[in-house]
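The following report describes the fold, the packing and a few individual residues of one chain, and it is meant to be read beside the sequence and the coordinates.

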Amino acid sequence: MIVNYSFHVTSELRDKLLSWLRSEYIPAAIASGVFHSPLLAAIETEVQPGTASFALHLTAPDLDAADRWLDSVGAPMLLGLANAHPDRVVFFRTNLAPLPL
């Protein structure tokens with residue numbers, strides 16, 4: 001199971017978001033033992049002028065394990081991010097199930 005988060009932020013928040021993801025969110029997810037193989041990528045399509053977008057993939061063994069961590073730790077961290085920067089950051093989650101090639 002791959003949990004994908006897409007983040008859209010104002011350009012002035014770009015570096016702060018990336019720093020927070022790298023120093024706080026991703027290490028917390030990996031330290032939980034639930035997630036592995038994080039991938040952070042820039043979304044090259046500009047959604048709106050003056051914004052930056054990123055995708056974060058976290059791989060988990062199953063959706064139940066991912067949901068437990070996300071509900072208890074991940075979601076409160078993301079809510080804190082949103083509350084600290086109202087109207088400057090938007091994010092959403094998409095669950096991805098890998099298919100054989």
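Serine 37 is placed in strand E2, which covers residues 36–42. The model is a predicted one, and in it the phi angle of serine 37 is near 55 degrees, a positive value in a residue other than glycine. Serine 37 counts as partly exposed because its relative accessibility is 48%. A positive phi is also found at aspartate 87, where the angle is near 65 degrees and the residue is again something other than glycine. Aspartate 87 sits in the loop between H2 and strand E4 (89–96), and with a relative accessibility of 80% it counts as exposed.

**The sheet and its helices**

Strand E2 belongs to an open sheet of four strands, arranged in the order E2-E3-E1-E4 with antiparallel pairing. E2 and E4 are the edge strands, each of them pairing on one side only, and the twist from one strand to the next averages 15 degrees.

Between E1 and E3, which run antiparallel, there are nine bridges; asparagine 4 has histidine 57 in E3 as its bridge partner, and threonine 10 stands opposite threonine 51 in E3. E1 also pairs with E4 in the antiparallel sense, over eight bridges, and here the bridge partner of isoleucine 2 is leucine 96 in E4. How many of the nine residues of E1 are buried? Seven of them are, so E1 is largely enclosed by the rest of the structure.

Two helices lie across the strands. H1 lies across E1, E2 and E3, and runs at about 10 degrees to E3, whereas H2 lies across E1 and E4 and runs at about 175 degrees to E4. Aspartate 15 lies in helix H1 and, at 52% relative accessibility, counts as exposed, since the cut-off for that class is over 50%. The C-alpha atom of aspartate 15 is separated by 29 Å from that of arginine 68, a residue 53 places away along the chain.

**The nonpolar core and the aromatic rings**

In soluble globular proteins, nonpolar side chains tend to be buried together. In this model the largest nonpolar core has 26 residues, of which Tyr25 and Phe35 touch the most other members. Strand E1 (2–10), helix H1 (14–31), E3 and helix H2 (63–84) each supply at least two residues of this core, and the largest share, seven residues, comes from H1.

When neighbours within four places in sequence are left aside, tyrosine 25 is in contact with Tyr5, Trp20, Leu56, Leu58, Trp69, Leu70, Gly74, Met77 and Leu78. One aromatic cluster is formed by Tyr5, Phe7, Trp20, Tyr25, Phe35, Trp69 and Phe91.

A pair of aromatic rings is described by the distance of the centres and the angle of the planes. The structure holds six aromatic pairs, and the table sets out two that involve tyrosine 5.

| Ring pair | Centre to centre | Angle between planes | Class |
|---|---|---|---|
| Tyrosine 5 and phenylalanine 7 | 6.1 Å | 35 degrees | tilted |
| Tyrosine 5 and tyrosine 25 | 6.3 Å | 85 degrees | edge-to-face |

The pair of tyrosine 5 and tyrosine 25 links distant parts of the chain, with tyrosine 5 in strand E1 and tyrosine 25 in helix H1, 20 residues apart. Both of these tyrosines are buried, and phenylalanine 7 is buried as well.

**A buried serine in E3**

Is serine 53, at 4% relative accessibility, buried or exposed? Serine 53 counts as buried because that value lies under 20%. This serine has its place in strand E3, residues 51–59, and its side chain makes a polar contact of 2.6 Å with the side chain of histidine 8. Histidine 8 also appears among the residues that serine 53 contacts once neighbours within four places in sequence are set aside, and the full list is Phe7, His8, Ala41, Ala42, Ile43 and Val47.

Key:
Residues are numbered from 1 along each chain as its sequence is written. This is a predicted model: local features need pLDDT of at least 70, side-chain atom pairs count only at pLDDT 80 or more; totals for chains, interfaces and linings use all residues. Side-chain values use heavy atoms; hydrogens and water are left out. Buried means under 20% relative accessible area, exposed over 50%, partly exposed in between (1.4 Å probe, protein chains only). A polar contact is a pair of N or O atoms within 3.5 Å; within protein, one must be able to donate a hydrogen and the other to accept it, and residues adjacent in sequence count only if both atoms are side-chain atoms. Contact means heavy atoms within 4.5 Å. A nonpolar core is a set of buried Ala, Val, Leu, Ile, Met, Phe, Trp, Tyr and Cys residues joined through side-chain atoms within 4.5 Å. Two strands pair if DSSP finds at least two bridges between them. Axes are lines fitted to C-alpha atoms, for helices over the stretch in contact, and angles run from 0 to 180 degrees between N-to-C directions. Rings of Phe, Tyr and Trp (its six-membered ring) pair if their centres lie within 6.5 Å; planes under 30 degrees apart count as stacked, over 60 as edge-to-face and the rest as tilted.
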